[in-house]
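User: Hi! I'd like a close look at one part of this protein, and then a walk outward from there into the rest of the chain.

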Amino acid sequence: MKKYKDIITDYLKNHEEHRIKAIDIYNMMREEDCNVNKTTVYRNLDKLEAEGVLKKYKLADENVSYYRYVDRQAHCDTHLHMQCKRCGKIFHLNCDFMDEIKHHLSAEHGFLLDCSDSLLVGYCADCQKEMKR
């Protein structure tokens with residue numbers, strides 16, 4: 001039988017483009033007939049966060065934590081991410097322009113941007129189209 005930590009990690013990997021709440025993970029595990037309680041889910045999420053396997057974040061206008069898998073091979077800690085406020089999809093913002101911004105912030109403002117905890121929030125192209133209808 002797989003460990004709870006592995007089940008949670010696999011779920012986050014398979015849904016890395018979406019925002020995931022602890023209750024989503026708990027519900028998935030219950031549907032998969034895992035005999036788990038919410039405390040165990042939170043404890044495993046805390047462990048995975050401490051190990052650097054996932055990131056926990058909150059949006060300013062919401063009182064709930066979200067989790068996302070950190071793909072070490074994609075170097076998620078070296079670039080920003082964007083999240084759609086409407087659908088929750090998460091995008092990697094790994095482009096040369098962001099390198100220019102990081103350099104500008106450092107050279108002109110003495111500010112070192114920590115990309116590992118940075119998340120830009122807005123609306124994806126698909127949601128913008130839907131909102132215009």
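How many residues does helix 3 have, and how far does it reach from its first C-alpha to its last?

Analyst: Happy to take you through it. Please keep in mind that this is a predicted model. Helix 3 covers residues 38-50, which makes 13 residues. From its first C-alpha to its last it reaches 18 Å, close to the 18 Å expected at 1.5 Å a residue.

Now for the way this helix sits in the fold. Thr40, Val41, Asn44, Leu45 and Leu48 are buried in helix 3. Looking down the helix axis, you will find these buried residues within an arc of 135 degrees, so they line one face of the helix. The general background is handy here: an α-helix has 3.6 residues a turn, so residues three or four places apart point the same way. On the face turned away from the buried side, helix 3 carries the exposed residues Thr39 and Ala50.

Stepping back along the chain, we come to the loop between helix 2 and helix 3, where Asp33 has its place. Asp33 deserves a glance at its backbone: its phi is positive, at about 60 degrees, although the residue is not a glycine. Asp33 has a relative accessibility of 71%, and because the cut-off for exposed is over 50%, Asp33 counts as exposed. The preceding helix, helix 2 (residues 22-31), has the highest mean pLDDT among the elements of the protein chain, at 95. Further back still, Lys3 is found in the segment before helix 1 (4-14). Lys3 also counts as exposed, with a relative accessibility of 62%. Its C-alpha is separated by 29 Å from that of His92, and the two residues are 89 apart along the chain.

Going the other way from helix 3, let's turn to strands 1 and 2. Strand 1 (residues 54-58) pairs with strand 2 in the antiparallel sense, over five bridges. One of the bridge pairs joins Leu54 to Tyr69 of strand 2. Five of the five residues of strand 2 (residues 65-69) are buried, so this strand is largely enclosed by the rest of the structure. Ser65, Tyr67 and Tyr69 point one way from strand 2, while Tyr66 and Arg68 point the other way. That fits a familiar rule: in a regular strand the side chains alternate between the two faces of the sheet.

Arg68 also gives us a link to the next strand. Its side chain makes a polar contact with the side chain of His81, at 3.3 Å. His81 lies in strand 3 (residues 80-84). With 1% relative accessibility, His81 counts as buried, as does Arg68.

Strand 3 in turn leads into a sheet. Three strands form this open sheet, in the order 4-3-5, and the pairing is mixed. Its edge strands are strand 4 (90-93) and strand 5 (119-122), each of which pairs on one side only. From one strand to the next, the twist averages 25 degrees. Strand 3 and strand 4 pair in the antiparallel sense over four bridges, and among the partners Leu80 is matched with Leu93 of strand 4. A word of care about strand 4: its mean pLDDT of 79 is the lowest among the elements of the protein chain.

The loop between strand 3 and strand 4 holds Arg86. At 45% relative accessibility, Arg86 counts as partly exposed. Val121, found in strand 5, also counts as partly exposed, at 43%. The C-alpha atoms of Val121 and Arg86 are separated by 9.9 Å, with their positions 35 residues apart along the chain. Arg86 and Lys102 make a useful contrast: they are 16 residues apart in sequence and 27 Å apart in space, C-alpha to C-alpha.

Finally, here is the whole chain around the helix you asked about. The protein chain has five helices and five strands. From the N terminus on, these elements run α-α-α-β-β-β-β-α-β-α. The C-alpha trace spans about 55 × 40 × 25 Å along its principal axes. Of the 133 residues, 33% count as buried. As for confidence, the chain averages a pLDDT of 85, and 91% of the residues score at least 70.

Conventions
Residues are numbered from 1 along each chain as its sequence is written. This is a predicted model: local features need pLDDT of at least 70, side-chain atom pairs count only at pLDDT 80 or more; totals for chains, interfaces and linings use all residues. Side-chain values use heavy atoms; hydrogens and water are left out. Helices (H or I, at least four residues) and strands (E, at least two) are DSSP runs, numbered from the N terminus. Buried means under 20% relative accessible area, exposed over 50%, partly exposed in between (1.4 Å probe, protein chains only). A polar contact is a pair of N or O atoms within 3.5 Å; within protein, one must be able to donate a hydrogen and the other to accept it, and residues adjacent in sequence count only if both atoms are side-chain atoms. Two strands pair if DSSP finds at least two bridges between them. Axes are lines fitted to C-alpha atoms, for helices over the stretch in contact, and angles run from 0 to 180 degrees between N-to-C directions. pLDDT is the predictor's confidence in each residue, from 0 to 100. The expected span of a helix is 1.5 Å times one less than its number of residues. The arc is that of the directions from the helix axis to the C-beta atoms.
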